[in-house]
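User: Please take a close look at the part of this model that surrounds the ligand, and then relate that part to the architecture around it. A connected account would be preferred to a list.

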Amino acid sequence: MTEYQPLQQLPEPAGYKPGDVLVLVGELFGRGYANGLVDEAKRLGMTVIGTTVGRRESNGSLRPLTHEELTEAETLLGGSIINIPLEAGFDLESVDDIPSVAEQLKKARPDDFATVSFVDGTIEKACAAGRARFRAHLARLEAELITRIPATANIHLAHSMAGGIPRARVFMPLLNRIFKGTGDKYLASETFWNSPLGHLCSVSFNEVSADTFRYLIEGTAALRARNSGSGARVCYSAYGYHGTGILVGGEYRWQSYTPYVQGFAKIRLEDIAAEATTQGIPATVYNCPEIQTNSSALFLGVEISLYPLLSAIRREAGEQIAAAVAARCQAMLNEGETVAGLLKRADDYLSSPILEQIVDFTTWPQHNTREQAELMLAASAELMAMHADQKQLICAELSRIVFLATGRLMLHSSWNPASSTLWLNHDIISRLLADDRGSNIV
Ligand SMILES: NC(=O)c1ccc[n+]([C@@H]2O[C@H](COP(=O)([O-])OP(=O)(O)OC[C@H]3O[C@@H](n4cnc5c(N)ncnc54)[C@H](O)[C@@H]3O)[C@@H](O)[C@H]2O)c1
């Protein structure tokens with residue numbers, strides 16, 4: 001099991017310089033975590049090379065980006081993109097005339113989730129086919145990287161992929177019940193996880209969110225050998241999640257969003273980094289805080305643990321920086337609501353004995369209970385309702401601070417990583433804001 005190792009000191013400045021390269025393995029979206037890495041790499045004068053998941057045609061075939069899509073994606077990235085579709089997973093793979101998982105689930109109804117079955121061997125065969133496709137595309141990516149990157153450049157390969165919910169209509173109502181359901185709508189994540197559809201999700205999450213990191217490390221061995229052979233550094237990072245240390249009741253405490261069923265894949269990701277590190281390959285999983293991105297939108301309530309970042313900033317970065325952030329947040333609240341009131345409401349939830357009974361580091365990730373789900377969703381709704389405009393959320397502002405700060409911490413720390421898994425908690429993120437490298441974030 002991974003030992004809890006928070007990054008406790010700001011990393012020494014990394015030695016990256018113009019000509020060194022950040023390769024982003026995972027497509028960049030506007031508010032996603034990887035923006036922080038891209039931002040810091042550019043600040044250091046590094047070259048940024050992006051990738052794409054590609055797009056699916058209506059007939060299901062995977063294709064690269066069109067000219068317009070590529071231009072748009074490169075504008076967002078501010079760098080060039082290698083246009084080879086790097087979608088991972090296997091939900092649309094059909095092998096030996098066996099229809100794909102998605103096809104077989106077309107007629108499945110949500111109520112049948114516990115009894116759904118697949119043609120024998122479907123998951124194994126489809127998974128092997130998806131893996132082979134991903135690896136073949138990675139091989140083309142590596143060849144392209146070898147031609148584009150000079151042999152003497154330091155390289156940071158950043159993995160930002162996570163996903164794997166199979167593209168079949170049956171999943172959304174079920175996942176909504178697990179992550180957002182109360183009363184009759186509530187569904188125990190454990191019941192789902194132990195069902196055939198839960199098993200399918202487990203294999204798929206492992207493949208997309210964890211094993212792609214292994215394929216990346218293995219699939220860039222020639223690039224690594226060439227550049228490290230000429231004295232350059234080649235390192236790997238991946239975004240993990242395994243709870244976060246935040247201020248609760250005035251003290252830093254590790255806590256986690258529940259039910260993070262993707263957590264089993266995140267533990268597998270940590271194991272892959274540990275194995276690579278043992279083999280002398282610098283690979284680090286950075287466990288990052290809960291923020292709002294395209295990928296976390298499903299997990300209603302995940303944002304509650306972000307509010308106390310305001311208190312951590314006050315404690316670690318000083319009054320001036322804290323006051324600037326708090327003023328921005330106050331301006332987003334309804335008349336009569338205060339930041340102090342908001343923090344009190346978030347703390348009431350986070351310090352609840354119901355959570356304390358459930359959330360445990362050694363047996364993480366935990367499944368939900370009805371009581372916990374209802375408590376969390378009520379707190380989430382009340383905190384949202386304090387805002388004047390549901391499109392202008394304090395969590396969006398705090399998420400931006402977190403993804404920018406974590407990107408900086410990751411890039412510098414990866415130069416000489418202290419461990420194969422590190423937690424970037426609210427304290428170190430806040431401390432960076434008072435450092436030269438974080439001074440323009442707020
Ligand atoms: N949002 C959070 O609260 C949070 C917290 C800790 C860690 N993370 C991690 O940060 C990383 C980036 O996520 P984010 O939250 O910024 O969201 P995001 O939606 O911006 O990024 C998700 C990435 O996964 C890729 N992806 C999704 N399905 C894929 C597939 N089948 N094949 C290949 N790539 C696929 C997307 O293209 C995108 O690049 C993820 O590893 C995520 O687990 C997120």
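**The ligand site and its surroundings**

Analyst: A backbone N or O atom of Ala162 lies 3.1 Å from an oxygen atom of the ligand. The model is a predicted one, and the distances and angles given here are computed from it. Two further backbone contacts involve oxygen atoms of the ligand: for Ile291 the separation from a backbone N or O atom is 2.8 Å, and for Tyr239 it is 3.5 Å. Of the 810 Å² of accessible area that the ligand has on its own, the protein covers 90%. The ligand has 25 residues around it, of which Glu27, Tyr33, Ala88, Thr293 and Ser295 come nearest.

One of the backbone contacts leads directly to the central sheet, since Tyr239 makes its contact with a ligand oxygen atom and strand β7 spans residues 234-240. The sheet is open and consists of 7 strands with parallel pairing, in the order β5-β2-β1-β6-β7-β10-β11. Its edges are formed by β5 (80-85) and β11 (421-423), each of which pairs on one side only. From one strand to the next, the twist averages 20 degrees. At the β11 edge, β10 (residues 283-287) pairs with β11 in the parallel sense over 3 bridges, and Asn287 of this region stands opposite Trp423 in β11.

Helices pack on this sheet. Helix α1 (residues 34-43) touches β1 (21-25), β2 (47-52), β6 (155-159) and β7, and its direction makes about 165 degrees with that of β1. Helix α7 (residues 196-219) lies across β1, β6, β7 and β10, running at about 155 degrees to β6. Strands β1, β6 and β7 are thus named in the contacts of both α1 and α7.

Two helix pairs complete the description of the packing. Two packed helices are described by the angle between their axes and the distance between the axes. The axes of α4 (residues 122-148) and α8 (residues 221-229) come within 9 Å and cross at roughly 20 degrees, which makes α4 roughly parallel to α8. In this pair, Glu142, Leu145 and Ile146 of α4 meet Ala221, Ala222, Leu223 and Arg226 of α8. For α10 (residues 309-317) and α15 (residues 394-413), the axes come within 11 Å and cross at roughly 55 degrees; α10 and α15 are therefore oblique to each other. Leu309, Leu310 and Ile313 of α10 make this contact with Leu398, Ile401 and Val402 of α15.

The backbone also has some notable local geometry in its loops. Most residues other than glycine have a negative phi, and most peptide bonds are trans. Asp96, a residue other than glycine, has a positive phi near 50 degrees; Asp96 is placed in the loop between β5 and α3 (101-104). A cis peptide bond joins Thr258 and Pro259, with omega about 10 degrees, and Pro259 lies in the loop between β9 (251-255) and α9 (263-278). The peptide bond from Trp364 to Pro365 is also cis, with omega near 0 degrees. Pro365 is found in the loop between α13 (353-358) and α14 (370-385).

Key: Residues are numbered from 1 along each chain as its sequence is written. This is a predicted model: local features need pLDDT of at least 70, side-chain atom pairs count only at pLDDT 80 or more; totals for chains, interfaces and linings use all residues. Side-chain values use heavy atoms; hydrogens and water are left out. Two strands pair if DSSP finds at least two bridges between them. Helices (H or I, at least four residues) and strands (E, at least two) are DSSP runs, numbered from the N terminus. Axes are lines fitted to C-alpha atoms, for helices over the stretch in contact, and angles run from 0 to 180 degrees between N-to-C directions. Contact means heavy atoms within 4.5 Å. A residue is near a molecule or strand if one of its heavy atoms lies within 4 Å of it. A polar contact is a pair of N or O atoms within 3.5 Å; within protein, one must be able to donate a hydrogen and the other to accept it, and residues adjacent in sequence count only if both atoms are side-chain atoms. Accessible areas come from the Shrake-Rupley method with a 1.4 Å probe; for residues, only the protein chains shown count as cover. Angles under 35 degrees count as roughly parallel, over 145 as roughly antiparallel, 65 to 115 as roughly perpendicular and the rest as oblique.
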